[in-house]
Amino acid sequence: MLAADPPPVYKVVLINDDFTPMEFVILILQHFFHLNLDESTRIMLKIHHEGRGICGVYSKDVALTKVDQVSMTAKNAGHPLQCIMEAE
């Protein structure tokens with residue numbers, strides 16, 4: 001009997017823009033990705049300096065949910081923050 005391949009995983013990525021406050025990005029990272037302040041700040045600075053940063057790696061359904069939650073929260077707060085998912 002052959003072992004099944006593990007399910008594919010997806011990176012959830014935040015994309016830098018010139019309008020979303022850094023503090024808001026940190027709050028998003030803490031709330032939706034359960035990161036502490038130091039880790040959230042590190043990822044926020046990576047996004048700021050490199051144009052994008054990986055927030056986490058998840059199954060497809062979880063990644064889709066995170067992208068939707070972050071996108072809706074940013075939109076409701078009036079920020080153009082983009083959150084996408086990419087195959088690992």
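**Salt bridges in the predicted model**

Lys11 and Glu86 pair up through their side chains in a salt bridge, with N and O 3.9 Å apart. This contact ties together distant parts of the chain: Lys11 sits in strand β1 (residues 9-15) and Glu86 in strand β3 (residues 82-87), 75 residues apart. The pair counts as a salt bridge because the cut-off is a side-chain nitrogen within 4 Å of a carboxyl oxygen, and the N to O distance here is 3.9 Å. The model is a predicted one, and it holds 4 salt bridges. Glu86 has a relative accessibility of 23%, so it counts as partly exposed. Arg52 comes into the picture too, as Lys11, Arg52 and Glu86 are linked in a network of salt bridges.

Helix α2 (residues 37-50) has its own share of charge pairing, starting with Glu39 and Arg42, which both lie in this helix. Their side chains meet in a salt bridge at 2.7 Å, N to O. The two residues are 3 residues apart, about one turn of the helix. Both partners are partly exposed: Glu39 has a relative accessibility of 28%, and Arg42 comes in at 47%.

Further along helix α2, Lys46 and Glu50 are 4 residues apart, so about one helical turn separates them. They form a salt bridge as well, and the closest N and O atoms are 2.6 Å apart. Here the partners fall into separate accessibility classes: Lys46, at 33% relative accessibility, is partly exposed, whereas Glu50 is exposed, with a relative accessible area of 53%. Glu50 lands in the exposed class because that class begins over 50%.

Methods:
Residues are numbered from 1 along each chain as its sequence is written. This is a predicted model: local features need pLDDT of at least 70, side-chain atom pairs count only at pLDDT 80 or more; totals for chains, interfaces and linings use all residues. Side-chain values use heavy atoms; hydrogens and water are left out. Buried means under 20% relative accessible area, exposed over 50%, partly exposed in between (1.4 Å probe, protein chains only).
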